[in-house]
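Please look through the following notes with the coordinates open beside you. They begin with a single site and then move outwards to the whole chain.

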Amino acid sequence: MESAPYLAHSSATGQTQAVFDHLRGTASLAKDFARPFGGEGQAELAGLAHDIGKYSQGFQKRLKGAPIQVDHSTAGAVECWRRGQPFAAFAVAGHHGGLPDGGSQADGPDQATFLGRMKRKENGVLEPYDCWEQEVTLPQAVVPDFLSKQSGSEWVFFTRMLYSCLVDADFLDTEAFMEGRNRERNETSINQLWDKLRSYTSAWFPPKGELNRQRCQILERCIHEGEARSPGLFSLTVPTGGGKTVASLAFALAHARTHGLRRVIYVIPYTSIIEQTAEVFREILGEENVLEHHSNMLYDLEGEANPHTIRLAKATENWDMPVVVTTAVQFFESLYACRSSQCRKLHNIAGSVVIFDEAQMLPIAYLRPCVWAISQLVAHYGISAVLCTATQPALAPVFHEFLPQVPMQELCPPDTDQWEVFRRVSFQQAGRLTWDDLAAQLNAHSQVLCIVNTRKAAQAVYGRLDGAGTFHLSTLMCPSHRKAQLTEIRRRLNEGLPCRVVSTSLIEAGVDVDFPAVFREMAGLDSILQAAGRCNREGRRSAEESIVYIFEGEEKAPQLFSTAIGAGKAAMSRHADIASHAAIHAYFSDLLDLKGTEAQDQQQILPLIQSEFFPFRTVAERFHLIDTPTRTVYIPWGEGAALVAQLRAGAGGRALFRRLGQYGVSVYETHFSALEAAGDLEVLENGAAILLNEGLYCDETGLSLEADSGKGSFI
């Protein structure tokens with residue numbers, strides 16, 4: 001009589017999956033996922049080895065309900081390590097608890113480091129699992145050619161990509177067993193998306209007017225370059241108003257179609273830009289083909305479950321969609337993460353066109369790790385990277401350091417006569433202004449935008465404006481509130497009604513508004529030029545009558561902005577035309593020089609990867625693209641009131657908190673403490689904070705900067 005098979009899973013309906021079947025299914029998927037970067041052999045090995053530890057009596061008892069803990073991940077890692085396969089060994093070791101730090105030879109079996117865990121079998125810590133050899137044969141897998149010539153950091157990057165293949169394959173094979181069917185995939189091809197784009201842009205031809213003619217010329221050039229250029233590293237420098245969003249998508253689809261690339265990933269710095277860009281892409285390509293993935297985007301499987309939302313929700317886990325629109329935080333933090341939930345998507349970046357919109361906004365403190373990661377993807381993982389911006393930063397030298405064999409190619413070289421069409425504003429120095437002086441000048445305009453450096457300044461200036469049609473925008477307003485304000489602002493601008501807006505920099509990048517005049521507090525040159533993109537955006541007026549006033553406010557600029565302001569002033573003093581390519585290049589070069597190489601990797605991520613033995617966990621703890629000490633306060637504003645009520649009633653879960661994200665305001669720790677001390681907050685047991693004193697949230701300016709006691713005043 002045959003013995004019962006060793007089991008990997010059992011379902012709620014009593015169905016069982018044998019370990020061997022699960023290993024074979026996972027290995028097949030992982031091998032396919034790793035094919036774009038030549039990691040098939042390593043991925044197949046990792047898939048076959050990952051659950052070898054389930055061939056233990058302890059695990060089989062646990063599967064039947066015994067209340068025992070069994071370390072089943074370490075066994076497969078030990079077997080790979082013994083066979084001289086460190087990459088697969090690390091991937092297997094981390095497939096449940098996350099990639100561990102390598103550690104040192106002195107680590108004992110009780111420690112969670114990789115080298116410590118590799119001693120567990122010889123020390124008798126692991127449950128015996130030797131029956132695996134009766135069913136499974138582990139191949140002697142080769143590594144991709146590029147790894148044999150590299151060491152250290154390249155090994156770490158490859159291991160994380162291999163880990164992505166393994167954990168996604170493990171999840172998908174398990175999910176298919178539990179649900180009794182394979183996950184439905186989006187079958188839309190790049191060719192079909194290309195046809196949709198061409199159909200959408202066909203209405204633009206023949207173009208009417210010189211401005212539209214130049215936009216169409218940029219579009220056609222991007223299409224030509226997409227078809228003509230081999231995969232590599234590109235820059236796309238298009239003036240504000242030049243149609244770079246659609247032009248960059250056209251390049252990506254033409255390029256992917258020509259070179260057999262699998263998807264387009266659009267990486268954007270702010271959620272406010274993402275929401276607008278994703279909406280444009282959905283209009284062009286169909287909502288079923290565009291995944292919008294960021295902290296404020298909810299696909300609620302409980303409240304609105306249907307085949308479409310279920311597929312989108314699942315796609316956020318691994319980006320298995322033809323077009324993905326995401327944040328720089330989501331993209332780069334995933335590339336330096338150690339947990340399966342973040343790393344699962346990484347293998348789907350390989351073989352893609354990745355567009356980095358507003359590339360000048362990459363935080364300088366993490367610039368070198370970001371550029372190094374892009375360089376790795378271009379060099380070894382088959383991506384084409386496009387740095388897309390109206391103000392191209394001087395990143396070519398940094399890329400050359402990490403990617404010397406691949407030059408950065410500009411897709412749209414500037415032609416002076418052509419670019420003059422997009423010159424829609426004039427710049428004027430307004431000197432130092434008190435808030436009263438500034439407000440007086442703003443009140444003299446019927447429609448005007450003023451951008452200041454701090455939330456405190458925005459509230460101060462707004463309080464001095466007169467009459468109807470005055471608006472305030474800052475991150476002290478929850479996202480849902482800001483959207484409502486922007487809708488009303490656009491309506492008044494379109495109808496010619498009075499509209500005076502005071503905002504922080506959140507309105508600068510990608511927010512589609514068109515004012516006849518803009519005031520910008522002194523900032524970095526990139527911020528000033530981004531602000532200028534909100535003035536005469538559609539070219540309805542002459543550049544001479546569309547003025548961007550640059551002023552210094554009555555308060556000293558925050559220390560955070562001092563280096564950018566210094567570099568901006570230097571560039572403006574040396575260049576009469578501050579929007580010229582020469583001025584922009586000088587600004588970014590000065591900015592990087594002033595900061596210095598060390599400041600471009602503030603957490604010393606790259607030296608750590610080079611000097612330590614596979615420091616996955618330590619790197620993940622250090623790499624946080626936005627590293628500000630803030631706390632979220634949930635606001636019972638509008639529909640947020642019902643969501644807050646659910647939270648108070650004990651509801652939780654990812655779905656609720658993602659919906660609450662539209663009604664959250666991030667405040668600095670000192671502001672949070674003052675609100676809490678004054679009794680203005682309700683802090684729940686799970687740590688979530690709700691604004692208790694609703695009088696502190698105003699329909700005009702959002703959350704007050706002062707607690708009810710009047711003791712707190714903060715930037």
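1. In this predicted model, asparagine 348 sits in the loop that lies between helix 15 (340-343) and strand 7 (352-357). Although a loop position might be looked for at the surface, the relative accessible area of asparagine 348 is 5%, and because buried means under 20% relative accessible area, asparagine 348 counts as buried.

2. Which residues does asparagine 348 touch, not counting residues up to four places away in sequence? The list consists of Asp168, Arg262, Arg263, Ile265, Asn318, Trp319 and Asp320, and I would suggest displaying these side chains together with the loop between helix 15 and strand 7.

3. A second place to inspect is strand 11, which covers residues 447-451. Of its 5 residues, 5 are buried, so strand 11 is largely enclosed by the rest of the structure. Gln447, Leu449 and Ile451 point one way from the strand, whereas Val448 and Cys450 point the other way, and residues on both sides are buried.

4. How does strand 11 pair with strand 13, and over how many bridges? Strand 13 (residues 499-503) runs parallel to strand 11, and the pairing extends over 5 bridges; within it, isoleucine 451 has serine 503 of strand 13 as its bridge partner.

5. Strand 11 is also joined to strand 14 (residues 518-521), again in the parallel sense, by 3 bridges. Here leucine 449 of strand 11 has valine 518 as its bridge partner in strand 14, so that leucine 449, which is buried, can be used to find this pairing on the screen.

6. Turning to the chain as a whole, the model contains 29 helices and 21 strands. Its radius of gyration is 27 Å, close to the 27 Å that the globule rule gives for 715 residues, so the chain is as compact as a globular protein of that length. Taken along the principal axes, the C-alpha atoms fill a box of roughly 95 × 60 × 50 Å.

7. Buried residues account for 57% of the 715 residues. Among the contacts between residues at least 6 apart in sequence, 75% join residues that are at least 24 apart.

8. As for the surface, the chain exposes about 29,000 Å², of which carbon and sulfur atoms supply 49%. The side chains include 65 positive and 84 negative ones, and the centres of these two sets lie 2 Å apart.

Note on methods. Residues numbered from 1 in each chain as written. Predicted model: local features only at pLDDT ≥ 70, side-chain atom pairs only at ≥ 80, totals over all residues. Heavy atoms only, no water. Helix = DSSP H or I, 4+ residues; strand = E, 2+ residues; numbered from the N terminus. Rg over C-alpha atoms; globule rule 2.2 N^0.38 Å. Buried < 20%, exposed > 50% of the residue type's maximum accessible area, 1.4 Å probe, protein only. Contact = heavy atoms within 4.5 Å. Areas by Shrake-Rupley, 256 points an atom, 1.4 Å probe, with all protein chains shown as cover. Lys, Arg positive; Asp, Glu negative; His and termini not counted. Charge placed at Lys NZ, Arg CZ, Asp CG, Glu CD. Pairing = 2+ DSSP bridges.
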